[in-house]
Amino acid sequence: QLQLVESGGDLVQPGGSLRLSCVTSGFNFDGYAVAWFRQAPGKEREGVTCISRDGIGTNYTDSVKGRFTISRDGAKRTVFLQMNSLKPEDTGVYFCAGRYSYYSDRDHCDMEEYRYWGQGTQVTVSS
């Protein structure tokens, strides 16, 4: 059974840091691009960042560039999201998602058409 399980969400003060993890199982991790999305209260879900199947290609939404870093560890079948300099507007439920990526697309990613989703982890940035 294909699964993505997020963890690491917490309450943190503005300017603080968090590291989210997305542990996967049930599929060929090395063949999948993975992305992080978030949904703030009363707002639509938005794509935050993604990482290609080979870990070389990444993309970030403008609001998190320079503050967030996505990475992946094949041995642990895990994708990480390091979040620094957190702002109140980063508050929301963070979801990881996966989609199969063809070998020809191995080094790039975007935040479209993700098929498999985790349940989410809550991040709250507040003083």
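**Exercise 1. Work out the handedness of the disulfide of C22 and C96, then place the pair in the chain.**

Step 1: The torsion about the S-S bond of C22 and C96 is about 65°, so this disulfide is right-handed. Here a disulfide is a pair of cysteine sulfur atoms within 2.5 Å.

Step 2: C22 belongs to strand β3 (residues 18-25) and C96 to strand β9 (residues 92-100), so the pair ties together parts that are 74 residues apart in sequence. Strands (E, at least two residues) are DSSP runs, numbered from the N terminus.

Step 3: The sulfur atoms of C22 and C96 are 2.1 Å apart.

Step 4: C22 counts as buried at 0% relative accessibility, and C96 counts as buried at 0% too. Buried means under 20% relative accessible area (1.4 Å probe, protein chains only).

A word on the model before going on: it is predicted, so local features need pLDDT of at least 70 and side-chain atom pairs pLDDT 80 or more, while totals for chains, interfaces and linings use all residues. Residues are numbered from 1 along each chain as its sequence is written, and side-chain values use heavy atoms, without hydrogens and water.

**Exercise 2. Find the partner of C50 and describe the link.**

Step 1: C50 is joined to C109 by a disulfide, S to S 2.1 Å.

Step 2: With 85° about the S-S bond, the link of C50 and C109 is right-handed.

Step 3: C50 sits in strand β5 (residues 46-51) and C109 in the loop between β9 and β10 (116-117), 59 residues apart, and the pair links distant parts of the chain.

Step 4: C50 is buried at 0% relative accessibility, and C109 is buried at 5%.

Step 5: The count comes to 2 disulfides, and with bonded cysteines counted along the chain their pattern is 1-3, 2-4.

**Exercise 3. Describe the surroundings of T49 in strand β5.**

Step 1: T49 has a relative accessible area of 0%, so this residue is buried.

Step 2: A polar atom of the T49 side chain lies 2.8 Å from the backbone oxygen of N59.

Step 3: Leaving aside neighbours within four places in sequence, T49 is in contact (heavy atoms within 4.5 Å) with residues including W36, N59, Y60 and M111.

Methods. Helix = DSSP H or I, 4+ residues; strand = E, 2+ residues; numbered from the N terminus. Buried < 20%, exposed > 50% of the residue type's maximum accessible area, 1.4 Å probe, protein only. Polar contact = N/O pair within 3.5 Å; in protein donor to acceptor, adjacent residues only side chain to side chain.
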